[in-house]
Amino acid sequence: MTDSIVTECSAEHSGVVWRHCNDPQLPFDPIVFDEEQLARQQLITGQAGAGRGNTFFFTLQGQPLVLRHYRRGGLAQKLSRRHYLYTGLERTRAMREFDILLALHRQQLPVSRPYACQVLRQGAFYQASLVTHWLAGQTLAECLSGKAGSAPAADTWLKTGELIARMHAAGVFHADLNAHNIMLDGEGAVFLIDFDRARVRPLPEGNPTSGWCLANIQRLQRSVLKVSGDGADFAQGFALLERQWRETLTQSISPRS
């Protein structure tokens with residue numbers, strides 16, 4: 001995927017390929033993929049406390065960014081935490097996530113704006129990293145657990161349902177839709193983050209609120225229940241989310257029929 005706002009380049013004989021947005025206010029610098037160099041220049045501002053220790057927050061020319069290295073979890077990490085089988089550049093996780101984030105950003109959907117991605121091929125395997133623009137705020141999980149200080153308002157549940165419906169209407173399957181991947185910016189806006197392994201799929205035939213779309217919502221519901229304890233206090237909120245999701249998704253695809 002290349003166009004007037006995206007550039008693809010490589011380091012000669014190194015096996016490295018970069019894809020990045022052409023931003024005159026923030027020229028591309030490969031240093032963004034090396035947290036050790038960033039730390040030496042005192043650009044690191046923090047590291048994600050949860051997860052696999054693969055996410056770093058930093059600033060570049062005054063702009064806050066997020067570096068994430070792709071790491072395996074579960075049983076797969078016993079074979080290799082960092083290496084993935086290489087089956088083509090466009091099939092790498094970094095390139096896929098960069099491209100889908102860019103496509104969603106162009107559609108003015110609230111997601112992290114991509115800055116650059118890197119694929120380092122090593123024989124039959126590769127390592128990958130992604131850099132996105134940082135989003136301020138708290139996750140839905142933090143709000144549900146009380147870490148953010150207040151529970152989500154009814155309007156937040158409605159906006160979240162509407163956002164997920166817009167994603168589904170665009171055919172986007174979020175592979176890990178949970179309360180940790182929904183960001184609330186404190187001013188009423190809702191964002192989705194972490195589109196690793198996301199892909200575009202056709203909507204379920206006949207009823208768009210069934211099939212993989214419904215499975216996405218059910219996955220989120222399980223996450224909400226897990227984060228909020230027994231979930232009793234948030235059942236009404238999630239009911240608002242699901243109702244708004246059904247209404248928005250149904251209305252958004254009605255002109256097609």
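## Cavity, helix 5 and two buried residues

A search of the whole structure, a predicted model, finds one cavity of 30 Å³ or more. The largest cavity holds about 40 Å³ of space. Its lining is made up of Ile 164, Met 167, His 168, Val 172, His 174, Leu 177, Leu 192, Phe 195 and Asn 216. By residue class, six of these are nonpolar, three are polar and none is charged. Helix 4 gives the largest share of the lining, with three residues.

**Helix 5**

One lining residue of the largest cavity, Asn 216, is also among the buried residues of helix 5. The others buried in this helix are Trp 212, Cys 213, Ile 217, Leu 220, Ser 223 and Val 224. Seen down the axis of helix 5, the buried residues fall within an arc of 145°, so they line one face of the helix. Arg 222 and Lys 226, on the other side of helix 5, are exposed.

The cover over the buried residues of helix 5 includes helix 3 (140-145), helix 4 (154-169), strand 10 (172-173), strand 11 (182-184) and helix 6 (235-253).

The length of helix 5 can be checked against its residue count. Helix 5 runs over residues 211-227, which is 17 residues, and at 1.5 Å a residue it should span 24 Å. Its end C-alpha atoms are 25 Å apart, which agrees with that expectation. After helix 5 comes Gly 229, which has a positive phi, near 80°.

**Thr 156 and Gln 127**

Two buried residues in other elements are set out below.

| Residue | Element | Relative accessible area |
|---|---|---|
| Thr 156 | helix 4 | 18% |
| Gln 127 | strand 8 (residues 125-133) | 13% |

Thr 156 counts as buried because its relative accessible area of 18% is under the cut-off of 20%. Leaving aside residues up to four places away in sequence, Thr 156 touches Leu 184 and Val 190.

Gln 127 is likewise buried, at 13%. With residues up to four places away in sequence again left out, Gln 127 touches Arg 82, His 83, Gln 118, Val 119, Leu 120 and Gln 122. The C-alpha atoms of Gln 127 and Leu 85 are separated by 9.1 Å, and the two residues are 42 residues apart along the chain.

Methods:
Residues are numbered from 1 along each chain as its sequence is written. This is a predicted model: local features need pLDDT of at least 70, side-chain atom pairs count only at pLDDT 80 or more; totals for chains, interfaces and linings use all residues. Side-chain values use heavy atoms; hydrogens and water are left out. Helices (H or I, at least four residues) and strands (E, at least two) are DSSP runs, numbered from the N terminus. The expected span of a helix is 1.5 Å times one less than its number of residues. Buried means under 20% relative accessible area, exposed over 50%, partly exposed in between (1.4 Å probe, protein chains only). The arc is that of the directions from the helix axis to the C-beta atoms. Contact means heavy atoms within 4.5 Å. On a 1 Å grid over the protein atoms alone, a cavity is a set of points where a 1.4 Å probe fits but cannot get out, and a pocket is an open set with protein on both sides within 12 Å along at least five of seven lines; lining residues have an atom within 4 Å of a point. Grid points are joined across faces, edges and corners, and a volume is the space filled by probe spheres set on the points. Ala, Val, Leu, Ile, Met, Phe, Trp, Tyr, Cys and Pro count as nonpolar, Asp, Glu, Lys and Arg as charged, and the others, Gly among them, as polar.
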